[in-house]
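User: I am new to this structure and would like a close look at a single part of it. Please take one pair of helices and walk me through how they meet and what lies around them.

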Amino acid sequence: MATIYCTATSLDGYIADDDESLSWLFATSGEAEPAGYTPTDPDPSLPDLHFDRFYADVGSIVCGVNTFEWVRRDLTRDGQPFAWPYTVPSWVVTHRDLAPVDGVEFFSGDVTDLHPLLTEAADGKDVWIVGGGDLAGQFADHGLLDRVWIHQCPVVLGSGRPLLPRRLRLHRQKIETHGQFTAMLFDVVGREPRDPGKDRSG
């Protein structure tokens, strides 16, 4: 059982562009899936870092409100009513007053209080931090982030929402290529300290 931040990123380290859009991701040929993609039992012949294999071990989900709103926009763009696409217990971290959604719990406290709820609901499986990067960083700040699993897309955005806005030391566990995507799994070692001798006075 682990708490894993699994997401797609551009080559220069952004998970969404300045418009909170992922159109750049889905325009790339490969194995990226649309919002709400829920695989069935994974094919045993799939690579180790294929998303199907990852999701099969997920027992609970957490995301920030911007990620939640993007999923909502993506799934209702054709005029369909919104329904949360994942079947495992799910939480959205937000201070906004949002209308109730079946299958989703809204949480406005500290992630140290949320994490035990996530692990209990996961029932021995993994906790998936869907995004965004700052939310994953909050778990990392308290030593609650175990792994980072990214699918890197060959697109350069120049700006946008950063992958993980923290100083962290990671240890690469595995790397694979899936079509145009590079899948990389890292263990979180801990905080990356700043050089105490470096003059940052400007």
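Analyst: What follows looks at helices α4 and α5, and then at the loop after α4.

This is a predicted model, in which local features need pLDDT of at least 70 and side-chain atom pairs count only at pLDDT 80 or more, while totals for chains, interfaces and linings use all residues. Residues are numbered from 1 along each chain as its sequence is written, and side-chain values use heavy atoms, with hydrogens and water left out.

Helices here are DSSP runs of H or I with at least four residues, and strands are runs of E with at least two, both numbered from the N terminus. Helix α4 covers residues 111-122 and helix α5 covers residues 133-141, and their axes come within 10 Å and cross at roughly 90 degrees. Such axes are lines fitted to C-alpha atoms, for helices over the stretch in contact, and the angles run from 0 to 180 degrees between N-to-C directions. An angle of 65 to 115 degrees counts as roughly perpendicular, and α4 and α5 are therefore roughly perpendicular to each other.

Where the two helices meet, Val111, Leu114, His115 and Leu118 in α4 are in contact (heavy atoms within 4.5 Å) with Leu135, Gln138 and Phe139 in α5. The residues of this contact divide into 5 nonpolar, 2 polar and no charged, where Ala, Val, Leu, Ile, Met, Phe, Trp, Tyr, Cys and Pro count as nonpolar, Asp, Glu, Lys and Arg as charged, and the others, Gly among them, as polar.

One residue of α4 that deserves a closer look is histidine 115, which counts as buried because its relative accessibility is 13%. Buried means under 20% relative accessible area and exposed means over 50%, with partly exposed in between, using a 1.4 Å probe and protein chains only. Leaving aside residues up to four places away in sequence, histidine 115 touches Thr3, Phe139 and Leu144.

On the side of α5, the buried residues are Gly133, Leu135, Ala136, Gly137, Phe139 and Ala140. Among them, Leu135 and Phe139 also take part in the contact with α4. Following α5 comes glycine 143, with a positive phi near 70 degrees.

The loop between α4 and β6 (126-131) holds aspartate 123, which counts as exposed because its relative accessibility is 66%. Although aspartate 123 and glycine 59 are 64 residues apart along the chain, their C-alpha atoms are separated by 6.6 Å.

Terms used. Parallel < 35°, antiparallel > 145°, perpendicular 65-115°, else oblique.
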